[in-house]
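Please find below a short note for your consideration. The points concern the N-terminal helix, a surface patch and the salt bridges.

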Amino acid sequence: QLVSKVIASGIEVEIRNSRSVGIVNVDPDLVEQSIVHMAINAADAMEGQGRLVISTGSCELSRAERRRLQAHLPEAERHDGAFAVLSVQDTGCGMSDEVRERIFEPFFSTKGRHVNAGLGLATVYGIMQQHRGWIVVDTALGKGTTFHLYLPALPTSTATGGEEAAE
């Protein structure tokens, strides 16, 4: 409902919730803020017309893939188990490799100087770091963009389902 309020009415929003996400220890307000920032960027890329799909799922990664994707974390903080994945996909214009390399820089924007402060994706990046997660971006010019946010899932034997845990 929140996403629908911040984007144009010409954009169809679809939510796909997987039952097999597991339990993750996150600040739900920060995750919501991340979704809103990505939805706003997606809406801009679609110029008010298109499809936005927000989905959840889970994945197991190989040891090599976990090591590569968590290289930004100290060894002791790396997660060896399953991950919950939050994906935000749009049918927008996509990005060039040059733009994709800079999207998480504070104040970087492809829009006019006064249109946007360029902090949305930098904020999402910071939120993911706070949660020991990371972001993978799949994009191609003219084909849209998908952001995949990976969050460490708690082992089911230690998951408490407390206030800070979200399914």
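**Note on surface and charge pairing**

1. The model is predicted. Leu 2 counts as partly exposed because its relative accessible area is 36%, and this residue is located in helix H1. Together with Val 6 and Ile 40, Leu 2 makes up a nonpolar surface patch whose combined accessible area is about 200 Å².

2. Helix H1, which spans residues 2-6, also contains Lys 5. With a relative accessible area of 69%, Lys 5 is exposed. The C-alpha atoms of Lys 5 and Val 36 lie 9.8 Å apart, although 31 residues separate the two in sequence.

3. The salt bridges number eight. One of them pairs Glu 12 with Arg 51, with 2.7 Å between the closest N and O atoms. Glu 12 belongs to strand S1 (residues 11-16) and Arg 51 to strand S3 (residues 50-59), so this pair ties together parts that are 39 residues apart in sequence. Both partners are partly exposed, Glu 12 at 44% and Arg 51 at 28%.

4. A salt bridge also links the side chains of Glu 14 and Arg 16, at an N to O distance of 2.7 Å. Relative accessible areas of 21% for Glu 14 and 41% for Arg 16 place each residue in the partly exposed class.

5. In helix H4 (residues 97-100), Asp 97 and Arg 100 are three residues apart, which means a separation of about one helical turn. Glu 12, Glu 14, Arg 16 and Arg 51, for their part, are joined into one network by salt bridges that share partners.

6. Asp 97 and Arg 100 form a salt bridge, the closest N and O atoms lying 3.1 Å apart. Asp 97 is partly exposed at 45%, and Arg 100 is partly exposed at 30%.

Conventions: Residues numbered from 1 in each chain as written. Predicted model: local features only at pLDDT ≥ 70, side-chain atom pairs only at ≥ 80, totals over all residues. Heavy atoms only, no water. Helix = DSSP H or I, 4+ residues; strand = E, 2+ residues; numbered from the N terminus. Buried < 20%, exposed > 50% of the residue type's maximum accessible area, 1.4 Å probe, protein only. Patch = residues over 30% accessible without salt bridge, like charges linked within 9 Å, V, L, I, M, F, W, Y side chains within 5 Å. Areas by Shrake-Rupley, 256 points an atom, 1.4 Å probe, with all protein chains shown as cover. Salt bridge = Lys/Arg side-chain N within 4 Å of Asp/Glu carboxyl O.
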